[in-house]
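User: Please take a close look at one part of this structure for me and explain it in plain words. I'm new to this, so spell out any cut-offs as you go.

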Amino acid sequence: MKKEQGHDIYGLMGEFLTPEQILHAAAKAREAGYKYISAYTPFPVEGLAHAIGFPRTGVPFLTLIGGLGGGLTGFGLQYWCSVITYPLNIGGRPLNSWPAFIPVTFELTILGAATFAVIGMLALNRLPQPYHPVFNVSRFAHASSDRFFLCIESRDAKFDLAGTAKFLQSIQAHHVHEVSNAE
Amino acid sequence: MSTTPPPGDLPEIRRLDPVLEPGHTYASVTDKIAAVVLTQPPTTGWIVGFALSFTVVMVLFISLSWLIIKGVGIWGINIPIGWGFAIVNFVWWIGIGHAGTLISAILFLLNQKWRTSINRFAEAMTLFAVACAGIFPLIHTGRPWMAYYMFPYPSTMGIWPQFRSPLIWDVFAVSTYGTVSLLFWFVGLLPDLATLRDRAKTRAQQVIYGILSMGWRGSAHHWHRYQSAYLLLAGLATPLVLSVHTVVSFDFAVAIVPGWHTTIFPPYFVAGAIYSGFAMVLTLAIPLRKAYGLEDFITMRHLDNMAKVMLATGLIVAYGYFIEFFMAFYSNNKFDVFLAQQRLHGPYAHFYYALILCNILTPQLLWFEKMRRNVAVLFVMSLVVNTGMWLERFVIVVISLTRDFMPSAWGRYLPTFWDYSTFIGTIGLFVMLIFLFVRVLPAIAIAEMRELVHEQSDEEKS
């Protein structure tokens, strides 16, 4: 089944040599009015997420939720065990001996926060995701080594195969690759 | 008012060795580190080392099997010395793990660039040390198949753990520590696993690293959330690592046994943990950089810095030893005074003197730059400190338990063959895991090294 024109192409990808080049390219692409841009780099490039328009991560909020949940679970568990379901009177000491419950509460706070931070990061990044169209570009293997890629997706309203390719060349892309949707 | 020169121009800073030797590019650091895993065949040294450590792991399996068949009576423990080697080794191993988290979390928060090339294998060391440590509390329960009793679960007997006991705090502290260290390690590995996937030569490598890397693409969106999560993890791991050895020290300090019941224990246990941990990182780093030609990445600067951390934490430990004596005599508590005398003159005094020699006297050589820059001296020193820290735990556990309040409750402790074989077996397990690790995963964080190359080229330009 042949899809309508433009849908068998995921986008166009420009290859760059340095972090400075890709920062510059990302800014130019935004200026030119492209909305669906993504950048791929072998290490985090400062300011790049901002340059392609992605200011907030959502990870800190999830971590806070995980930490609060872990801490409340920790204290609640100990309170319930020691006061409600299995009270032991030892020398008339209070059942809710909260200072003794601090270490476990603390540890479970950290456990909850750390687990939420990692799972939240993966989930928001939509990982695990074994297949993605960008992997169809053979040069893309260098994105995890020594090259920087800027991809403009075909779903962008401004996308046009020839025009966008020309645009990528105009912002000093070393190479321009076509990213196909087909496997 | 004179203007101060920018830090780069200060002569004493310029004199420092670089954290990465010049002349490296993104591709060269990637190639060099990935090649160890992907293309280099195992060397003879690796095969021999792996075979030896594997043999020692078999000794561990035999020891554990015999223990499960016969029970803890095969050890030298008795009444009053119910703790013995199992707890000595547990505290020693868990302490060694602490340097890994310190390097990966605390030095990250302090923006110390030199951590980059040593954090990966220091974190691996943490995980393996925690694995070795975890064996001991499990087996010293006597019936390890009932170990789940320590966790709160709705049992048909309707009983629940005693949450006022430090031994239960330990269960939570150590299991949280193991889990968070694993998460931290995995998050750090994720981009490097993608690098290995992209450079894999064989189908098996492609499939395995492909699955492990979860489809990481290094997109700016990925990195942005990744950095946020990594920073948060570092912030969470920092109080965690300090809490773990604090809780371990509570196992002692909450008891009323002379020599244990002191408030100096938490800080001095944490300092001792970092001390032994850095010694173990040196023990591993020195042969590793030599065997795989990684001297450009693990430079003299790293070894020098680690030696300095060892010296500093060693002095804190020495202060702890001094305060133990001071408090015994200042309090004039006759049991504490007696215990202090027993350390100096009792049946286990030679352990105490060996401890002072290993942990306090020998490391003073590290004041001299010449010694810190001599790789052979550092290697020997790291082994001496590891021995010293093991002796410290032996002194704490055994001398206090053999000499508590009433002479009728005094005793002697003599470790048996099985005590030693189990301990040596865990060392074999640790070494074997390290050998496997350097072959199947990148021992240095590749993505972070590329970042370092970028920063270095920025510095050269400015």
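Analyst: Let's start right after helix α3 of chain B, where B:Gly71 takes a positive phi of about 95°. Keep in mind that this is a predicted model, in which local features need pLDDT of at least 70, side-chain atom pairs count only at pLDDT 80 or more, and totals for chains, interfaces and linings use all residues. As for labels, residues are numbered from 1 along each chain as its sequence is written, while chains are lettered from A and ligands numbered from 1 in the order in which they are written.

Back to the helix itself. Helices here are DSSP runs (H or I, at least four residues), numbered from the N terminus. Helix α3 of chain B covers residues 44-70, and its 27 residues should span 39 Å at 1.5 Å a residue; its end C-alpha atoms are 39 Å apart, so the two agree. (The expected span is 1.5 Å times one less than the number of residues.)

Which residues of α3(B) are buried? They are B:Leu60, B:Ser63 and B:Leu67. Buried means that 20 or more other C-beta atoms, placed from the backbone, lie within 10 Å of a residue's own. An α-helix has 3.6 residues a turn, so residues three or four places apart point the same way. The buried residues of α3(B) pack against α5 (116-140) and α15 (417-440) of chain B, with contact meaning C-beta atoms, placed from the backbone, within 7 Å.

Elsewhere in chain B, the axes of helix α12 (residues 349-361) and helix α14 (residues 375-402) come within 8 Å and cross at roughly 145°. Axes are lines fitted to C-alpha atoms over the stretch in contact, and angles run from 0 to 180 degrees between N-to-C directions. Among the residues that meet there are B:Phe351 and B:Leu355 in α12(B), and B:Val384 and B:Phe394 in α14(B). By class, this contact has eleven nonpolar, three polar and one charged residues. Here Ala, Val, Leu, Ile, Met, Phe, Trp, Tyr, Cys and Pro count as nonpolar, Asp, Glu, Lys and Arg as charged, and the others, Gly among them, as polar.

Finally, chain B also touches chain A: the contact takes 52 residues from chain A and 48 residues from chain B. On the chain A side, α4(A) gives the largest share, 17 residues. That side has 36 nonpolar, 14 polar and two charged residues.

Notes
Two residues are in contact if their C-beta atoms, placed from the backbone, lie within 7 Å. Helices (H or I, at least four residues) and strands (E, at least two) are DSSP runs, numbered from the N terminus. A residue is buried if 20 or more other C-beta atoms lie within 10 Å of its own, exposed if 12 or fewer, and partly exposed in between; C-beta atoms are placed from the backbone.
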